[in-house]
Amino acid sequence: MVYTVSATALERLVICFLEMDFCAASLKTNNNLTYKLMVLFAEELEESEKKMRDLAHMSVKGRLAQSLLTIRQQFGTDKEGFIGLEVSRHDLAAFSASTYETVFRTLNDLLKDNLIGVSGKKIKIIEPEKLFKLTENNL
């Protein structure tokens, strides 16, 4: 079987594989499960469309700000206030649909404006409200 998507685990996890026949039979017999999956897929599609719109209309600074806020929301912060995931500049560039060089320059701008703090691959959001404003001003 050929899969059109892949994933990389950022933390230890346990995965399981469900046969398609089992999934199809479950969806046919459990209307509540089918409905909940449809709602989940509709919400995911809406979020995906929003991300695509943002990529098309936001400046690099807005996309990078959005990426940092999203990563912080998903991974939380440590006791020092740094985002709970060490992220490389290359990964941040890929996540924000930009180039490494542009992300590097933009991070330096955010540092100069004292919106973020950096220690190696660790990033701390100092002014989340101002960072969020960067995402709003670009649409």
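**Exercises on a predicted model**

Leu68, Leu92, Leu110 and Leu131 touch the most other members of the largest nonpolar core, which has 19 residues. This is a predicted model, where local features need pLDDT of at least 70, side-chain atom pairs count only at pLDDT 80 or more, and totals for chains, interfaces and linings use all residues. Residues are numbered from 1 along each chain as its sequence is written, and side-chain values use heavy atoms, with hydrogens and water left out.

**Exercise 1.** State which elements each supply at least two residues of the largest nonpolar core.

*Solution.* Start with the term: a nonpolar core is a set of buried (under 20% relative accessible area, 1.4 Å probe, protein chains only) Ala, Val, Leu, Ile, Met, Phe, Trp, Tyr and Cys residues joined through side-chain atoms within 4.5 Å. Next, list the elements: α3 (60-75), α4 (89-95), α5 (100-112), β2 (122-125) and α6 (128-136). Helices (H or I, at least four residues) and strands (E, at least two) are DSSP runs, numbered from the N terminus. Finally, the largest share, 5 residues, comes from α3.

**Exercise 2.** Decide whether Phe17 is buried or exposed.

*Solution.* First, locate Phe17: the residue lies in the segment before α1 (20-29). Then take its relative accessible area, 58%. Exposed means over 50%, so Phe17 is exposed.

**Exercise 3.** Classify Glu80 by its relative accessibility, and give its C-alpha distance to Lys124.

*Solution.* Glu80 lies in the loop between α3 and α4. Its relative accessibility is 46%, so Glu80 counts as partly exposed. Glu80 and Lys124 are 44 residues apart in sequence, and their C-alpha atoms are 8.4 Å apart in space.
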